[in-house]
Amino acid sequence: MKWLHHRGVDDVAQMTDLGKALRQRLAEETEIRAPEIALEQASEDGTRKWLLRLEDGNCIETVFIPEKDRGTLCISSQVGCALDCTFCSTARQGFNRNLTAAEIVGQLWLAKRRLQPEPDADADHRVITNVVLMGMGEPLLNFNNVVDAMTIMLDDFGYGISRRRVTLSTSGVIPALDRLKETIDVSLAVSLHAPNDELRDQLVPINRKYPLSELMAACRRFLDAKPYRERITFEYVMLDGVNDTPAHARELIRLLRGVPSKVNLIPFNPFPETRYRRSSQATIDRFRDMLIAAGLHTITRRTRGDDIDAACGQLVGQVADRSRRELRFARIEGGGLTS
């Protein structure tokens, strides 16, 4: 684990403090292989994006966002996405399959190696400090593999990342969300994007299966399971004339009342053939100020990497679509999650 994840070594022969017989057996019986880099791009603001080719020919995208006090890696959990959120470029590709745990954690392994060729002896000098499962796919529809990958990220012999710095973002697959709180301790972000069911049914179609009243109850249960005070991050994309009026802000304030929250307002990032437009800065500021005045911790997320289509909602890979175009909701079967 330490050779693989701390030092990024992919040659068993270099693992010199392992016995010779063990190294020989590992060389014969195992393979250490990362996804192939099909394309690497750098934004003017320092954001890096990788298009990664998998063994089956499908491609996914991974993005690194550097900031003053942190370096955040946004990773994918599925090839494409089946949830069909109308403002998201990934959804337009359809869905092919879940990523394996190796393909998920392999994105972190590869990015760390590209950004930090020398192993970090001191955690304070890590280039990647935070990991967010906010890339392609709905993480809770790939429950077991996502949990296995996050376990390696948290493990002291893996990447040793703090549980507060590993964040899973979900559109609200409630059975899996309830299961998550019993399985692993990480931070939670909820892709909300609308303050009422009528509008969210249009923007985030999984809301037709799991409406807001059930989603907010699940969020409260998630927080109740925590032995310490914590907040859930609610993500809200700002769409001009769709969900950005003062009336929407007042509805959102009522919806989040009593739930320890942080609200991320996300300026919409356009993609080809979208019917949506980004809210004006004045509209976003007014919306933010109303939430803050109501006591909600609210920030406007700064758009990063949009010149290389690496911003929120813009991620696309190369996906051989195996899904039907209509939404297929998740169900629990024998303790496992399928779609």
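**Packing of helices 4 and 5, and the setting of Glu-103**

In this predicted model, Phe-143, Asn-144, Val-147 and Met-150 of helix 4 meet Ala-176, Arg-179, Leu-180 and Thr-183 of helix 5. Sorted by class, the contact between helix 4 and helix 5 comprises five nonpolar, two polar and one charged residues. The charged residue is Arg-179. Asn-144 and Thr-183 are the polar pair. Phe-143, Val-147 and Met-150 supply nonpolar side chains from helix 4. Ala-176 and Leu-180 do so from helix 5.

Helix 4 spans residues 143-154, and helix 5 spans residues 174-183. Their axes lie 12 Å apart. The packing angle is about 30 degrees. Helix 4 is therefore roughly parallel to helix 5, because angles under 35 degrees fall in that class. The crossing of helix 4 past helix 5 is right-handed.

A second site centres on Glu-103. This residue belongs to helix 3, which covers residues 101-115. The relative accessible area of Glu-103 is 13%. Glu-103 therefore counts as buried, the cut-off being under 20%.

Two polar partners of the Glu-103 side chain were identified. One is the side chain of Arg-97, joined to that of Glu-103 by a polar contact of 2.9 Å. The other is the backbone of Thr-100, whose nitrogen lies 2.9 Å from a polar atom of the Glu-103 side chain. With neighbours within four places in sequence set aside, Glu-103 is in contact with Leu-54, Arg-97 and Asn-98. Arg-97 thus appears both in this contact list and in the side-chain polar contact.

Technical notes
Residues numbered from 1 in each chain as written. Predicted model: local features only at pLDDT ≥ 70, side-chain atom pairs only at ≥ 80, totals over all residues. Heavy atoms only, no water. Helix = DSSP H or I, 4+ residues; strand = E, 2+ residues; numbered from the N terminus. Buried < 20%, exposed > 50% of the residue type's maximum accessible area, 1.4 Å probe, protein only. Polar contact = N/O pair within 3.5 Å; in protein donor to acceptor, adjacent residues only side chain to side chain. Contact = heavy atoms within 4.5 Å. Axes fitted to C-alpha atoms, helices over the stretch in contact; angles between N-to-C directions. Parallel < 35°, antiparallel > 145°, perpendicular 65-115°, else oblique. Left-handed = near helix turned anticlockwise from the far one by under 90°.
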